[in-house]
Amino acid sequence: MENRIRLGIIGASAVRGWANQAHLPGLPYLDEYELRAVCTSKPDTAARAAKEFGAPLAFHDYRELVSHPEVDAVVICVRAPAHREPTLAALEAHKPVFTEWPLGVSLAETEEIANVAAKVGVAAMVGLQGRVGPANMYVKYLVQSGYVGKVLSCVIYRVTTGQEKTSEHAWDLDKSNGATSLTIAAGHTLDTLAFVLGEFSELSAWVRTQHSPLRLTDTGEEVSVTSPDHVLVQGVLESGALASVYVASVPGYVTGGRLEIYGTDGTILVTSPESLHRGVVTVKGSQNGSAPEVLIVPDHYRWVPAEVPEAAPLNVAQLYRLFSGAIREGKTGYPDFQDAATRYRLLDAVTRASELGVRITL
């Protein structure tokens, strides 16, 4: 395909990381893109990544990638505390940018980046991929088309394991780094809920660190944990439906993700062994008291080739399809930096409700 969008990916490790898990597996099947450049923190790892993924250009300084004339659009997949500087650099260079969630480490930082993007006017997408999961889009359609009648209540949860840490990965145990069960797991879960059923109008919340200190698996050292590992939100959606949200990071066996929607005429059950925004998802439905049956997600909700791997790469590849439409045709409808600010405002409300022990009206 001619006139491909030449991508530069910051954080394109050949051995680990979210780009390695979710971005790079699907990109070869999206013919509107060419992986032109990769960037990691060191020259040797950058060279290895370039060789592994077939990128002609390798950098260990993100500023060189962002300013390179052969890079049309920038993707940022580094750790959350390092999102701000390369994102602002890409915006300053007037290049479309796709930054992973969370966009910033705080509400203030997120709003700052979003405001800059609004002034620059280029496509600026955030990695809230739950919105483009084929099953989630189908469930939203079912609700809006009246499958369950009037929505009365819902329960959504995600339980994941994150309690086994090595010293290399202990950085996210400090909540100031912005990568916690609240910002990441709960952020994605709340965004998926809002996409399917709408925003909260009021809520109460409990945000807790239940497991501290934590023993590092490689050194045996006990470290203090400030990042929350349990989030519980109870509230009312704008539709009037009651909502309960439970997100936890626990040791041992976990049960994945689940959404239960109860209405006057039916029930929808959405399950995943991992999570609803990045895992393989099954949809079941029941109407008028019948036994639940599997509902097959129609093919038109999948926008990418069959070769794109299921789970995390699929939803991220779906985002890339929206990104190319925004770059080439000025299309809207993708999760942008203003959406990131909206979601962080909800997380801020959850935090305030927990700290103050009050019900927050939104």
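A residue counts as buried when its relative accessible area is under 20%. Keep that in mind as you start, because this cut-off sorts the residues at several stops. The model on your screen is predicted.

**Whole chain**

Show the entire protein chain. Of its 362 residues, 53% are buried. Turn on the cartoon view, and you have nine helices and 17 strands to explore. The radius of gyration is 20 Å, close to the 21 Å from the globule rule for 362 residues, so the chain is as compact as a globular protein of that length. The C-alpha trace spans about 60 × 50 × 40 Å along its principal axes. Now think about contacts between residues at least 6 apart in sequence. Of these, 69% join residues at least 24 apart.

**The six-strand sheet**

Select the strands E1 to E6. They form an open sheet in the order E3-E2-E1-E4-E5-E6, and the pairing is parallel. Which strands sit at the edges? They are E3 (57-59) and E6 (124-126), each paired on one side only. From one strand to the next, the twist averages 20 degrees.

Zoom in on residues 33-39. This is strand E2, which pairs with E3 in the parallel sense over three bridges. Click on alanine 37: leucine 57 in E3 stands opposite.

Next, select residues 43-53. This is helix H2, which lies across E2 and E3 and runs at about 155 degrees to E3.

**The nine-strand sheet**

Strands of a sheet pair through backbone hydrogen bonds, either parallel or antiparallel. Now move to the open sheet with nine strands. Its order is E16-E15-E14-E13-E7-E12-E11-E8-E17, and its pairing is mixed. The edges are strand E16 (293-294) and strand E17 (360-361), and each pairs on one side only.

Select residues 256-263 and 266-272. These are E13 and E14, which pair in the antiparallel sense over six bridges. Glycine 257 stands opposite serine 272 in E14.

Add residues 134-144 to the selection. This is helix H6, which packs on the sheet. H6 touches strand E7 (151-160), E13, E14 and strand E15 (282-287). The direction of H6 makes about 170 degrees with that of E14.

**Two helices together**

Two packed helices are described by the angle between their axes and the distance between the axes. Keep H6 on screen and add helix H7, residues 181-197. The axes of H6 and H7 come within 8 Å and cross at roughly 35 degrees. Show the side chains at the contact. From H6, pick Asn136, Met137, Val139, Lys140 and Val143. From H7, pick Thr192, Phe195, Val196 and Leu197. What classes of residue make this contact of H6 with H7? There are six nonpolar, two polar and one charged.

**A helix with two sets of neighbours**

Select residues 337-356, which form helix H9. H9 lies across strand E8 (200-208), strand E11 (230-237) and E17, and runs at about 60 degrees to E8. H9 also lies across strand E5 (97-99) and E6, at about 40 degrees to E6.

**Last stop: cysteines**

Colour the cysteines. How many disulfides does a search of the whole structure find? The result is zero. Take cysteine 77, which is in no disulfide. Its nearest cysteine sulfur belongs to cysteine 39 and is 12 Å away. Is cysteine 77 buried or exposed? With a relative accessible area of 10%, cysteine 77 is buried, because the cut-off for buried is under 20%. Finish at cysteine 154, which is buried with a relative accessible area of 2%.

Definitions and conventions:
Residues numbered from 1 in each chain as written. Predicted model: local features only at pLDDT ≥ 70, side-chain atom pairs only at ≥ 80, totals over all residues. Heavy atoms only, no water. Disulfide = S-S within 2.5 Å. Buried < 20%, exposed > 50% of the residue type's maximum accessible area, 1.4 Å probe, protein only. Pairing = 2+ DSSP bridges. Helix = DSSP H or I, 4+ residues; strand = E, 2+ residues; numbered from the N terminus. Contact = heavy atoms within 4.5 Å. Axes fitted to C-alpha atoms, helices over the stretch in contact; angles between N-to-C directions. Nonpolar A, V, L, I, M, F, W, Y, C, P; charged D, E, K, R; others polar. Rg over C-alpha atoms; globule rule 2.2 N^0.38 Å.
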